[in-house]
Amino acid sequence: MKTKHSPVIVVKIGGVALGSNDTTIEDIVYLQQQGKKLVVVHGGGKLITEWLKLHGIATRFVGGQRVTDKDSLAVATAVMAGLVNKEIVAGISQLGGRAIGISGADSALVQCAVEDEALGYVGRVGEVRTELLDTLLQAGYVPVIAPLGIYAFQRPEGAPRLLNINGDIFAGEIAAAIGAERLVFLTDVPGICDRTGKLLPRLSAAEAEELVRSGVADGGMIPKIRGCIRVMNTASSTCIIDGRRPHALRQQIEGHGGGTTIYKG
Ligand SMILES: Nc1ncnc2c1ncn2[C@@H]1O[C@H](COP(=O)(O)OP(=O)(O)OP(=O)(O)O)[C@@H](O)[C@H]1O
Ligand SMILES: [Mg+2]
């Protein structure tokens, strides 16, 4: 379902954007005050890894996606829906912005099936119920969303109620569901780089896919590319930018951003 309100910008914040010197929160508040409608999706990347270590739980990744057993799901839920989500909301609130922290479980926002048994309790997004987001956006809030989902159908016996979803994929699905105008990924590199490490400022969807196929783009870059391609037909702009650069988000929205733009083609 498409939104009835003004264009929405979906921003995925990576682990790096939660450092103490980060300006992303400032940018979010600034853009909100300029009348922009924003939805923020975050991950928990490095913090989840730290907390798993703290609890003696080993982490494994397959194709950039975390393998989630019961224990790591509990940690991922606690860190993302708790610590990270509330840190972001507190940051926005303290600067005078208006934000509400939710997860994909709230109001049955994101309904899933199990992605792949090999990945454990990881959700593949089916239906996204956008009513709550529409309501929050219309009321002037920035929804800040932790990438968790619930089962669309009955969950397997003994399984936890929540499913973990890759934050980048989740951001793409949310952006597609609300018909977002822009999807922006903030990360810890200048953008998508070629084999020699040189930034690639513009890529067609086909070129980006080729980088994945050839292995030049791997790990955490793969779901970002997938997320961009997911909204190619509905969004007017999808990009991956360097969240370490001061005011990277604001500059991007104001039209002088760097990073990599992926366009339809
Ligand atoms: N071709 C490429 N160009 C740039 N970075 C790449 C490329 N291929 C893989 N990467 C990796 O992708 C990483 C970004 O994804 P990563 O999942 O680590 O961060 P994030 O999603 O921004 O944050 P987090 O997952 O911690 O929330 C880079 O740090 C880099 O190591
Ligand atoms: Mg990542």
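A polar contact here is a pair of N or O atoms within 3.5 Å, where, inside the protein, one atom must be able to donate a hydrogen and the other to accept it. Thr-77 offers a neat case: its side chain reaches the backbone oxygen of Leu-73 at 2.7 Å. The model is a predicted one, and this threonine is a handy way into it.

Thr-77 sits in helix H3. With a relative accessible area of 18%, Thr-77 counts as buried, because the cut-off is under 20%. Setting aside neighbours within four places in sequence, its contacts are Gly-82, Leu-148 and Leu-162. As for the helix around it, H3 deals with two sheets, and these are taken in turn below.

The eight-stranded sheet is open and mixed in its pairing, with the strands running in the order E5-E8-E2-E1-E11-E13-E14-E12. At its edges stand E5 (99–103) and E12 (202–204); each has a single partner strand, so one side of each is left without a neighbour in the sheet. From one strand to the next the twist averages 20°. E1 (residues 8–13) and E11 (residues 182–187) are parallel partners, joined over five bridges, and in that pairing Lys-12 stands opposite Phe-185 of E11. Two helices can be placed against this sheet. H1 (residues 24–33) packs on it, touching E1, E2 (37–42), E8 (142–146) and E11, and its direction makes about 155° with that of E2. H3 also packs on the sheet, where it touches E1, E2, E5 and E8 and makes about 160° with the direction of E8.

E8 deserves a closer look. Five of its five residues are buried, and both faces of the strand are covered: Val-142, Val-144 and Ala-146 lie on one side, with Pro-143 and Ile-145 on the other. That split follows a familiar pattern, since side chains in a regular strand alternate between the two faces of the sheet. E8 has parallel pairings with E2, over two bridges, and with E5, over five bridges. Across the E2 pairing, Val-40 stands opposite Val-144; across the E5 pairing, Ile-102 stands opposite Ile-145.

The other sheet is an open one of four strands, ordered E7-E6-E9-E10 and again with mixed pairing. Its edge strands are E7 (123–128) and E10 (162–164), each of which pairs on one side only. Here the strand-to-strand twist averages 50°. E6 (residues 110–114) and E9 (residues 148–151) run parallel and share two bridges, with Tyr-151 of E9 as the bridge partner of Cys-112. H3 (residues 70–94) turns up again, packing on this sheet by touching E9 and E10, at about 85° to the direction of E10. H5, meanwhile, lies across E6, E7 and E9 and runs at about 15° to E7.

Next comes the interior. The largest nonpolar core contains 45 residues, and those with the most contacts inside it are Val-10, Ile-145, Ile-174, Ile-192 and Ile-225. H5 (residues 167–178) supplies the largest share of this core, seven residues. A second core, separate from that one, has 32 residues, among them Ile-9, Ile-25, Val-40 and Val-79. Back in the largest core, Ile-192 has a long contact list once neighbours within four places in sequence are left out: Lys-198, Leu-199, Leu-200, Leu-203, Leu-211, Met-221, Ile-225, Ile-240, Thr-260 and Ile-262.

Two of those contacts, Met-221 and Ile-225, are also among the buried residues of H7. This helix (residues 221–230) is mostly covered, with seven of its 10 residues buried: Met-221, Ile-222, Pro-223, Lys-224, Ile-225, Gly-227 and Cys-228. The cover over these residues includes E1, H5, E11, H6 (205–214), E13 (237–242) and E14 (260–263).

Lys-224 also leads to the ligand. In total, 18 residues surround ligand 1, and the closest are Thr-187, Asp-188, Cys-193, Asp-218 and Lys-224. A polar side-chain atom of Thr-187 is 2.6 Å from an oxygen atom of the ligand, while for Lys-46 a polar side-chain atom lies 3.5 Å from a ligand oxygen. The backbone takes part as well: a polar backbone atom of Val-216 is 2.9 Å from a nitrogen atom of ligand 1.

Definitions and conventions: Residues are numbered from 1 along each chain as its sequence is written. Chains are lettered from A and ligands numbered from 1 in the order in which they are written. This is a predicted model: local features need pLDDT of at least 70, side-chain atom pairs count only at pLDDT 80 or more; totals for chains, interfaces and linings use all residues. Side-chain values use heavy atoms; hydrogens and water are left out. A nonpolar core is a set of buried Ala, Val, Leu, Ile, Met, Phe, Trp, Tyr and Cys residues joined through side-chain atoms within 4.5 Å. Buried means under 20% relative accessible area, exposed over 50%, partly exposed in between (1.4 Å probe, protein chains only). Contact means heavy atoms within 4.5 Å. Two strands pair if DSSP finds at least two bridges between them. Axes are lines fitted to C-alpha atoms, for helices over the stretch in contact, and angles run from 0 to 180 degrees between N-to-C directions. A residue is near a molecule or strand if one of its heavy atoms lies within 4 Å of it.
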